[in-house]
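Colleague: I have a model open and want to learn how to read it. Could you take me through its features one at a time?

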Protein chains: 2
Amino acid sequence: MPGSIGHHGANGQLPCDRCIGKQYNICQLLEPSRQRELLDTSCRQRFDKRSYLFRAGSPVGAVFKVTSGIVAESCTLADGRRQVIAFFLPGDICGYLESDGCHAFDGEAITAAETCSFNRERFSAFVNRNRDVAEEMRRNLADRLKMVGTHLSVVGQLTSTERVANFVAMMTIAYAARNVQTRPLPLPMKRSDIADYLGLRLETVSRAFSKLRQRNIIDVQEDEVLVLDQVRLNQLSNR
Amino acid sequence: MPGSIGHHGANGQLPCDRCIGKQYNICQLLEPSRQRELLDTSCRQRFDKRSYLFRAGSPVGAVFKVTSGIVAESCTLADGRRQVIAFFLPGDICGYLESDGCHAFDGEAITAAETCSFNRERFSAFVNRNRDVAEEMRRNLADRLKMVGTHLSVVGQLTSTERVANFVAMMTIAYAARNVQTRPLPLPMKRSDIADYLGLRLETVSRAFSKLRQRNIIDVQEDEVLVLDQVRLNQLSNR
DNA sequence: CGGTTAGTTGAGTGCATTCAATCCCAGTGG
DNA sequence: CCACTGGGATTGAATGCACTCAACTAACCG
């Protein structure tokens with residue numbers, strides 16, 4: 001049931017038009033003719049909340065550019081433990097790089113989501129034909145590698161409260177780069193999603209939010225957070 | 001003091017010639033003419049144990065292909081906490097992808113190491129000129145992204161013993177792919193390096209090794225490990 | 001020999017977990 | 001309208017795993 005979209009609301013979607021700064025939209029780098037050429041290889045797709053764009057181990061299909069909602073890349077162990085590798089926000093490309101023709105991780109719509117889905121072969125061909133686009137993809141990839149590495153050091157080294165503080169700080173930066181409101185900061189994902197992202201239990205995440213609230217660093221309400229003390233938040237974040 | 005190299009021994013180096021399977025050596029993909037062209041842009045470099053190939057925040061320089069020894073990519077927080085993102089073994093390329101012209105992480109020689117160091121501009125130009133090499137680099141990159149993601153789920157979800165078991169299993173696979181001996185499996189890095197890699201304390205790593213030894217899953221001596229029960233090791237590793 | 005570095009092991013602590021109770025809210029149906 | 005239900009979040013109490021601090025061993029080197 002993909003309800004109405006394009007506004008901030010209870011369904012937690014992020015509007016497409018306001019989210020995508022130039023640097024996050026390869027299409028907007030291009031002049032109209034190439035833009036049309038690229039868009040001809042694509043179609044819009046909607047994904048219900050909690051549906052999968054792709055599954056780990058399955059052969060790769062489309063290349064997805066998220067245009068609204070949030071997609072989580074995750075993997076689940078045999079006993080059910082789950083690790084969220086990354087959240088993809090509007091403008092992000094996901095499901096692109098897979099080494100052996102199969103997806104390494106699950107791609108799940110955390111909220112209802114929309115994507116611009118490119119035919120993989122034609123997308124790759126387009127990238128190969130356009131040196132500047134290839135360079136942009138390379139840069140994009142380097143960013144991802146850096147982000148995952150940074151995330152790894154968060155999960156490996158920080159305490160629970162530090163991790164949650166870092167998460168809030170990161171999301172603030174990510175939203176700001178996309179010109180999405182950050183005051184308050186919408187966090188449409190569930191506590192358990194945040195927990196799986198940070199390598200914690202959902203109760204621990206909840207406690208950390210409470211601790212940050214008690215210290216007057218943030219204000220928490222439902223699925224929004226208001227940062228009250230950016231300086232102390234960044235200190236706690238270790239950045 | 002870069003002593004004698006090219007043999008397995010107390011210094012923990014891995015010999016170049018035996019380590020590098022074809023799939024791990026872009027040079028060997030190429031016919032002699034292009035091979036020479038590429039090597040003309042490179043020089044051999046030696047790094048002392050515990051010296052840095054590059055530092056986080058510093059402008060990128062050469063692109064390194066490790067030819068012997070082990071290089072760790074890591075980052076250190078203000079208070080000294082350190083996270084090892086990845087170990088680079090002979091054949092691996094490191095220091096290549098950096099988004100903004102600066103290194104995101106430290107690159108440190110964990111053992112004495114040798115590299116084939118490429119001039120970055122000329123290396124990039126070579127890659128751009130050769131479609132097959134570019135494809136190989138892309139594949140390499142996809143592998144790295146997958147490995148870091150997998151590592152993240154290890155650090156985020158597994159218990160200390162599981163993490164160490166996973167580490168041993170991973171190293172076994174990595175060595176086997178390079179045709180390096182795995183029985184016994186040389187682990188030249190210090191306990192504290194393993195600890196920083198796995199998000200644990202060195203004492204915890206030591207205890208985990210002891211626990212695996214007591215269960216007759218591995219045999220531990222100095223800087224070598226002998227896997228006694230690959231099946232149970234893999235079970236514990238969650239793979 | 002003493003000094004340094006690396007590793008192992010023990011004892012006790014603390015932080016995140018587990019288990020459980022409660023609350024809130026949206027949705028549904030009597 | 002109100003009662004009921006289920007999902008998500010918060011909080012409390014108790015447990016346990018990894019951490020801290022410390023002692024000890026072994027190897028190496030000046």
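Modeller: Start at the DNA. A residue counts as near a strand if one of its heavy atoms lies within 4 Å of it. By class, the surface near DNA strand C has two nonpolar, six polar and eight charged residues. Here Ala, Val, Leu, Ile, Met, Phe, Trp, Tyr, Cys and Pro count as nonpolar, Asp, Glu, Lys and Arg as charged, and the others, Gly among them, as polar. Some ground rules for what follows. This is a predicted model, where local features need pLDDT of at least 70, side-chain atom pairs count only at pLDDT 80 or more, and totals for chains, interfaces and linings use all residues. Residues are numbered from 1 along each chain as its sequence is written, chains are lettered from A and ligands numbered from 1 in the order in which they are written, and side-chain values use heavy atoms, with hydrogens and water left out.

Colleague: Which residues come nearest to DNA strand C?

Modeller: A:Arg201, A:Thr204, B:Arg191, B:Ser206 and B:Ser210, out of 16 around the strand. Of the strand C atoms within 4 Å of the protein, 64% are sugar or phosphate, and the rest belong to bases.

Colleague: How do I read a polar contact there?

Modeller: Look for a pair of N or O atoms within 3.5 Å; within protein, one must be able to donate a hydrogen and the other to accept it, and residues adjacent in sequence count only if both atoms are side-chain atoms. On strand C, a polar side-chain atom of B:Ser206 is 2.7 Å from a phosphate oxygen. A:Arg201 uses a polar backbone atom, 3.3 Å from a phosphate oxygen of strand C. A:Glu203 faces a base instead: a side-chain N or O atom is 3.3 Å from a base nitrogen of strand C. Two elements give two or more residues each to this surface: α7 (202-214) of chain A and α8 (202-214) of chain B. Helices (H or I, at least four residues) and strands (E, at least two) are DSSP runs, numbered from the N terminus. The largest share near strand C is six residues, from α8(B).

Colleague: How many residues surround DNA strand D, and which are the closest?

Modeller: 17, with A:Arg191, A:Ser206, A:Ser210, B:Arg201 and B:Thr204 closest. They divide into three nonpolar, six polar and eight charged. Sugar or phosphate makes up 68% of the strand D atoms within 4 Å of the protein. Three polar contacts reach phosphate oxygens of strand D. A polar side-chain atom of B:Thr204 lies at 2.3 Å. An N or O atom in the side chain of A:Arg191 lies at 2.7 Å. B:Ser160 contributes a backbone N or O atom at 2.8 Å. α7 of chain A and α8 of chain B each give two or more residues to the surface near strand D. Here the largest share, six residues, comes from α7(A).

Colleague: Now the protein interface. How many residues does each chain give?

Modeller: Contact means heavy atoms within 4.5 Å. Chain A gives 41 residues and chain B gives 41. Buried area is the accessible area (1.4 Å probe) that two parts lose on being put together, summed over both. For chains A and B this is about 3400 Å², with 62% on carbon and sulfur atoms. On the chain B side, B:Leu145, B:Leu152 and B:Gln157 lose the most area, together 20% of what that side buries.

Colleague: And how many salt bridges cross the interface of chain B and chain A?

Modeller: A salt bridge is a side-chain nitrogen of Lys or Arg within 4 Å of a carboxyl oxygen of Asp or Glu. Two cross this interface. A:Arg81 and B:Glu162 meet in a salt bridge at 3.0 Å, N to O. Twelve residue pairs are in polar contact between the chains, both at pLDDT 80 or more. On the chain B side, β5 (82-88) and α5 (131-157) give two or more residues each. α5(B) gives the most, 18 residues.

Colleague: How do I read a sheet?

Modeller: Strands of a sheet pair through backbone hydrogen bonds, either parallel or antiparallel. Two strands pair if DSSP finds at least two bridges between them. In chain A, four strands form an open antiparallel sheet in the order β1-β8-β3-β6. β1 (42-47) and β6 (93-94) are its edge strands, each pairing on one side only. Two bridges join β3 (residues 63-68) to β6(A). A:Phe64 stands opposite A:Cys94 in β6(A).

Colleague: Last, the backbone. Is the peptide bond from A:Arg183 to A:Pro184 cis or trans?

Modeller: Cis, with omega near -5°. A:Pro184 sits in the loop between α5 (160-177) and β9 (185-186) of chain A. The bond from B:Arg183 to B:Pro184 is also cis, with omega near -5°. Check A:Arg50 too: phi is positive, about 70°, although the residue is not a glycine. A:Arg50 lies in the loop between β1 and β2 (52-54) of chain A.
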